[in-house]
4 protein chains.
Amino acid sequence: MSKKAIVLQTTLELITTQGIAATSLSQIIKKSGVANGTVYHHFKNKDEIITELYLMLTQDFGTVVMRNAPEDDLKKQFTVMWLNLFYYFVNNPLAFIFSEQIARSPEIPQTLKDEARQYYNDIQDYFKKGIKAKVFKSYNTLVMEELFFGNVVSLVKIHENETVKLKEKHINQAIEISWRGFLKDDTIL
Amino acid sequence: MSKKAIVLQTTLELITTQGIAATSLSQIIKKSGVANGTVYHHFKNKDEIITELYLMLTQDFGTVVMRNAPEDDLKKQFTVMWLNLFYYFVNNPLAFIFSEQIARSPEIPQTLKDEARQYYNDIQDYFKKGIKAKVFKSYNTLVMEELFFGNVVSLVKIHENETVKLKEKHINQAIEISWRGFLKDDTIL
Amino acid sequence: MSKKAIVLQTTLELITTQGIAATSLSQIIKKSGVANGTVYHHFKNKDEIITELYLMLTQDFGTVVMRNAPEDDLKKQFTVMWLNLFYYFVNNPLAFIFSEQIARSPEIPQTLKDEARQYYNDIQDYFKKGIKAKVFKSYNTLVMEELFFGNVVSLVKIHENETVKLKEKHINQAIEISWRGFLKDDTIL
Amino acid sequence: MSKKAIVLQTTLELITTQGIAATSLSQIIKKSGVANGTVYHHFKNKDEIITELYLMLTQDFGTVVMRNAPEDDLKKQFTVMWLNLFYYFVNNPLAFIFSEQIARSPEIPQTLKDEARQYYNDIQDYFKKGIKAKVFKSYNTLVMEELFFGNVVSLVKIHENETVKLKEKHINQAIEISWRGFLKDDTIL
DNA sequence: TATGAATGAGCATTCATTCAT
DNA sequence: AATGAATGAATGCTCATTCAT
């Protein structure tokens, strides 16, 4: 494992537990066992570590949402997308934190934020398709996409909360609630 | 306006624009025009400013959700609760930030988090009532509450995003999506 | 008990446990329960508290050494002086600290140090008398006085050291060692 | 000379003239010409500078007392020990200050105090030998050792006091007084 | 590639003191 | 006599970063 990889991994762990702002370079250096100068040999500055980490983590974000999602069945596709996103966040806590902090955090440059934004297009396209198919009511697709995304996030937050044990049943309920919100009145559920 | 109030107000403004971690005491001092020592005369330390601010802002959070919500009409009550929460967050950006950061931020002590948690009880009670009235499907109420809350948050985030202009129509769409997700199959919408 | 007295007493206690330099005004204020301004109403500044305390404690220092010391019996007088000093320090830990710190501490102005010096004259006079009476060898009286004083201090330090329990026997041994050091060769012990 | 050595040396000089508590880091930085961060690169905190300094200075303390002291002649050994200690303190003012402050100062951790304590064992052993040889009266050896030590300290204090000029004659007198105090009645002086 | 010494701006906090009430 | 708000210099310490090896 290269020194560079060690630094990235260590930073990942620290940010996951403490947040971006609370994570200092000296902490990274101390925890990683890598020398001061070595960090600066591989990264121009602290922000570059964050950025590189961010790119690493969001790289597969675009593909992850649509993975194994059957394009011919809207409901099934919805469920798979929902679960893809949910487990991606559950298994990549940092990606989740980043995704949550992106909007606000001044540490992430706007260009990166915009880049991340594009991954959402797949979700938006999905809703456009659903509306066209007259399965969904013709709501604003940005609103739909954000609510969809927010629903997943809500469940991840429950899952993250150590005091509550989330069962599969609850996840299915959440997906159902999420799905039914978008339906047309006469859609056979 | 007392020096203490000035410090609180200034801190509020700085945190709203920069986040908690990025706001330094020297910034507060410079912007407020209050002397270094004066801040420490009124507050034990920096955290106490944050905490006091948080208490100030969440004090009315409990009452805000249920304000003017008609108890006899579930749908109307839902709409009013939804909008109450939405505009509360829109008008109290810091309260919003806090509410978003509570789960994660180590800067907010656990006691405060627990205190905040109780405000959610009203929402949960509402869903219990709806299930009893056979209007809502009998989902887990914690899940329902979190999804409801998350939906509001999603819209606030769209609203916050400067590049997108949120119209009343979109808000109504969001409320509708949110509401319909919880309904029983045979409920007249 | 007047506020002024409370401040002095509190300062005394703090200095005894922490030393002069480590004792801050805010500590005094917090511990005494007296208001900030009240301290400055009674004392010009922090040094004046120390000085006043010092004067209070050294006031009776001069009389204490010779108290109940029979002037006609050199040996008895020696013992009484020795014990007077010993128990004075044991019972007035601050006076002891002061007396130990005087030489070095820049916090005590030189004028005060000189003033304290005069109290030692009684001891020096005693040794002059003893030399004249041919009981003591004619050593330099300053040396004698300092060694005498130092011997008492040594025992106080043992006494102060919590891990060692000083018995009366040991004190008597110390006095004897102290006394015999000064004697002429042919003096009947 | 390394920056670390410069910091230690500068701190030594400052403490010698002003005392530990009165010596601030900014003074050390200003006087040493070393940057703020450099100090903290070499030392974990201010206390570590003091501790390291203390260890440096007391390292040879153990050997110093017994240096060149003939083991076969009790009186000569006494004189050499006495002078060794005296000149060690005179030439190492900081060691003297430390040794004086050890008992009281909360700035010196207990572990260091205990470590210093062991150096005194040689002195105590000497007195045990003297008692066994029936040259000294069988006083408590801790008392003897403390009085011996205190006598040296008394003379160092006279020496330190700028207003008094200590001559060799006075030192010899002090040694004689010190020595005679311990003797048995019938010992040929 | 890797190291760690060196830097100085900036941090939260404590300090002794002043002043209006 | 007593209070406590207000002050700003100073403290110990952390920070991200530079540089010579």
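**Chain contacts and symmetry in a predicted model**

Of the residues of chain B, Gly181(B) lies closest to the rotation axis, its C-alpha being 1.9 Å away. This is a predicted model, in which local features need pLDDT of at least 70, side-chain atom pairs count only at pLDDT 80 or more, and totals for chains, interfaces and linings use all residues. Residues are numbered from 1 along each chain as its sequence is written, chains are lettered from A and ligands numbered from 1 in the order written, and side-chain values use heavy atoms, without hydrogens and water.

User: Why is the relation of chain A and chain B that of a two-fold axis?

Analyst: Copies are superposed by least squares on the C-alpha atoms of residues with pLDDT of at least 70 in both. Here a rotation of 180 degrees, with 0.0 Å of shift along its axis, places chain B on chain A with an RMSD of 0.3 Å. That is therefore the relation of a two-fold axis.

User: What makes Glu176(C) and Lys137(D) a salt bridge?

Analyst: The term requires a side-chain nitrogen of Lys or Arg within 4 Å of a carboxyl oxygen of Asp or Glu. The closest N and O atoms of Glu176(C) and Lys137(D) are 2.3 Å apart, so the pair qualifies. Between chain D and chain C the count is two salt bridges.

User: How do you know how much area chain D and chain C bury between them?

Analyst: Buried area is the accessible area (1.4 Å probe) that two parts lose on being put together, summed over both. For chain D and chain C this gives about 3,100 Å², 59% of it on carbon and sulfur atoms.
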